[in-house]
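I opened this notebook to record what I looked up in the structure shown below. The entries follow the order in which I took up each topic.

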Amino acid sequence: MGDRETSNHSEVTDFILVGFKVHPEFHILLFLFFLLVYAMILLGNVGMMVIIITDPRLNTPMYFFLGNLSFVDLFYSSVIAPKAMSNFWSESKSISYAGCVTQLFLFDLFIVSEGFLLAVMAYDRFIAICNPLLYSVQMSTHLCVQFVAGSYFFGCISSVLQTIMTFTLSFCASRNIDHFYCDERPLLRISCSDLYIPNMVSFFLCTIIILPTIIVIIVSYIYIVSTVLKIRSTEGRKKVFSTCSSHLGVVSVLYGAIIFMYVIPDRFPELSKVASLCYTLVTPMLNPLIYSLRNKDVKEALRKILGKNLFLFI
C-alpha cells in the first residue's frame, strides 16, 4: 500500500476542488454571486469588443489594446467560473486530471498575457501624451500587432513552463485541492515531491513577468505625470488624467490582488481564495465598467449602437 500511495502522478485520474469552506446553505448565495458576476463579465467584455469592432472612430491603438484586454478577461474568467459554479451543486466536486491541466494552462496563459497587455497600454499612453506628434509613427499598426502577439507569446511560454513543472510532480499526499480552481500553490501543497526546483522556477517566472511589466508601467507614468504637470490649462490636465485614470484603476486592482495573494503565507488558504476571486472574477467584471464609464468615446459609441437598435425595434 505504501508503494501505491507514493506512486507516480500518472496514476492520478482526478482531483477534488474543495472550494470555499462555508456552511452548505451558503453555497446557493455563492452560486448566485458567481452567476451574477460572470453574467456581467460576459455582457461587459463582449459588449466592449463589439463596440470597438463596429465603431470606426475607435480604430486606434488604445482601443485595439483595450479590445484584446476584454478578450483576455472574457476567456480567463470563463476558464474558472463555469466549473466553480457547477461544483456548488456537485457532491463530488471533482475535476479530471486533464481538466485540471487545461485549467491551469489556460488561466496562466491569459493572466500573464493580461499583465503584458497592461504594460503595453501604459507605454501607449506614454507615447500619446509625451510624444503626440510622433504617435501615429511610433505606434503603427504593425507594431501594435507585434505587441499583442508578444503578450500572448510570453503568456504561452510561461504557461507551458508552469504547467509542465507542476504536473511532473507526484501527487500522493491527497487529491483534495484546497481552492475553487486548479492553481499552482494549492497543487504544490498536495505534492510529495521535492519542491525546491518548482519554487525556484515559480519565483523566476514571477520575477521576469511581474517585475518588468510593473517597471514599464511605473516609468511610463512617471514621464506622463511629469508632462501633465507642465500643462498650464486645468482643463487639459483633467482630460489627460481622465484618460489615464481608467488604466491605473485596472492595474491597481489586478496587481494589488496578485501581490496580496503571493505575500499571504500558505497557512491562510482562505485569504488566498478571496484574493484569487478578485483577479479571476472581480477584475474582469470591473474593467469594462471602468473604461466605459470614464471614457467619452466609448460612451458615445455605446449610445450610437443602442440608438440604432432601439430604432430598429420600434
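**Entry 1: An internal cavity**

I began with the second largest cavity and listed its lining as Leu17, Val18, Gly19, Phe20, His27, Ala84, Asn87, Phe88, Lys93 and Phe180. I note at the outset that the model is predicted. I then sorted the lining by residue class and found six nonpolar residues, three polar ones and one charged. For the volume of the second largest cavity I noted about 100 Å³. In the search for cavities of 30 Å³ or more, I obtained a count of two.

**Entry 2: Lys93 in the lining**

I next took up Lys93, one of the residues that line the second largest cavity. I located Lys93 in the loop that connects α3 (61–87) with β2 (94–96). Is Lys93 buried or exposed? I recorded a relative accessible area of 17% for Lys93; the cut-off for buried is under 20%, so Lys93 counts as buried. I also checked the backbone of Lys93 and found a positive phi of about 55 degrees, although this residue is not a glycine.

**Entry 3: The chain as a whole**

I then stepped back to the fold. I counted eleven helices and three strands in the protein chain. Read from the N terminus, I wrote the order of elements as α-β-α-α-β-α-α-α-β-α-α-α-α-α. The protein chain has 314 residues, and I noted that 46% of them count as buried. For the accessible surface of the protein chain I entered about 16300 Å², with 71% of it belonging to carbon and sulfur atoms. I also looked at contacts between residues at least 6 apart in sequence, and 79% of these join residues at least 24 apart.

**Entry 4: The disulfide**

How many disulfides does the count give? I found one. The partners are Cys100 and Cys182, and I noted 2.0 Å between their sulfur atoms. This pair links distant parts of the chain, 82 residues apart: I placed Cys100 in helix α4 (residues 97–130) and Cys182 in the loop between β3 (176–177) and α7 (184–189). About the S-S bond I recorded -120 degrees, and the link of Cys100 and Cys182 is left-handed.

I then compared accessibilities. Cys100 has a relative accessible area of 0% and is therefore buried. Cys182 likewise has 0% and is buried. Outside this pair I looked at two further cysteines. Cys130, with a relative accessible area of 21%, is partly exposed. I entered Cys278 as partly exposed too, because its relative accessibility is 30%.

**Entry 5: Two aspartates of helix α4**

I stayed with helix α4 and looked up Asp108 and Asp124. Why does Asp124 count as buried? I found that its relative accessibility is 1%. Leaving out residues up to four places away in sequence, I listed the contacts of Asp124 as Pro61, Met62, Phe65, Tyr135 and Met139.

Asp108 counts as buried because its relative accessibility is 9%. Beyond its neighbours within four places in sequence, I recorded contacts of Asp108 with Gly155, Ser159 and Gln162. I also noted a separation of 8.9 Å between the C-alpha atoms of Asp108 and Asp183, which lie 75 residues apart along the chain.

**Entry 6: Ser272 and Met40**

I turned to two residues paired with distant positions in sequence. I placed Ser272 in helix α10 (residues 269–293). With a relative accessible area of 3%, Ser272 is buried. Its C-alpha atom is 8.5 Å from that of His179, and I counted the two residues as 93 apart along the chain.

I located Met40 in helix α2 (residues 27–54). I entered Met40 as partly exposed because its relative accessible area is 34%. Which residues does Met40 contact once neighbours within four places in sequence are left aside? I found Met285 and Leu289. For Met40 and Pro288, 248 residues apart along the chain, I noted 9.4 Å between the C-alpha atoms.

Notes:
Residues are numbered from 1 along each chain as its sequence is written. This is a predicted model: local features need pLDDT of at least 70, side-chain atom pairs count only at pLDDT 80 or more; totals for chains, interfaces and linings use all residues. Side-chain values use heavy atoms; hydrogens and water are left out. Helices (H or I, at least four residues) and strands (E, at least two) are DSSP runs, numbered from the N terminus. Buried means under 20% relative accessible area, exposed over 50%, partly exposed in between (1.4 Å probe, protein chains only). Contact means heavy atoms within 4.5 Å. Accessible areas come from the Shrake-Rupley method with a 1.4 Å probe; for residues, only the protein chains shown count as cover. On a 1 Å grid over the protein atoms alone, a cavity is a set of points where a 1.4 Å probe fits but cannot get out, and a pocket is an open set with protein on both sides within 12 Å along at least five of seven lines; lining residues have an atom within 4 Å of a point. Grid points are joined across faces, edges and corners, and a volume is the space filled by probe spheres set on the points. Ala, Val, Leu, Ile, Met, Phe, Trp, Tyr, Cys and Pro count as nonpolar, Asp, Glu, Lys and Arg as charged, and the others, Gly among them, as polar. A disulfide is a pair of cysteine sulfur atoms within 2.5 Å.
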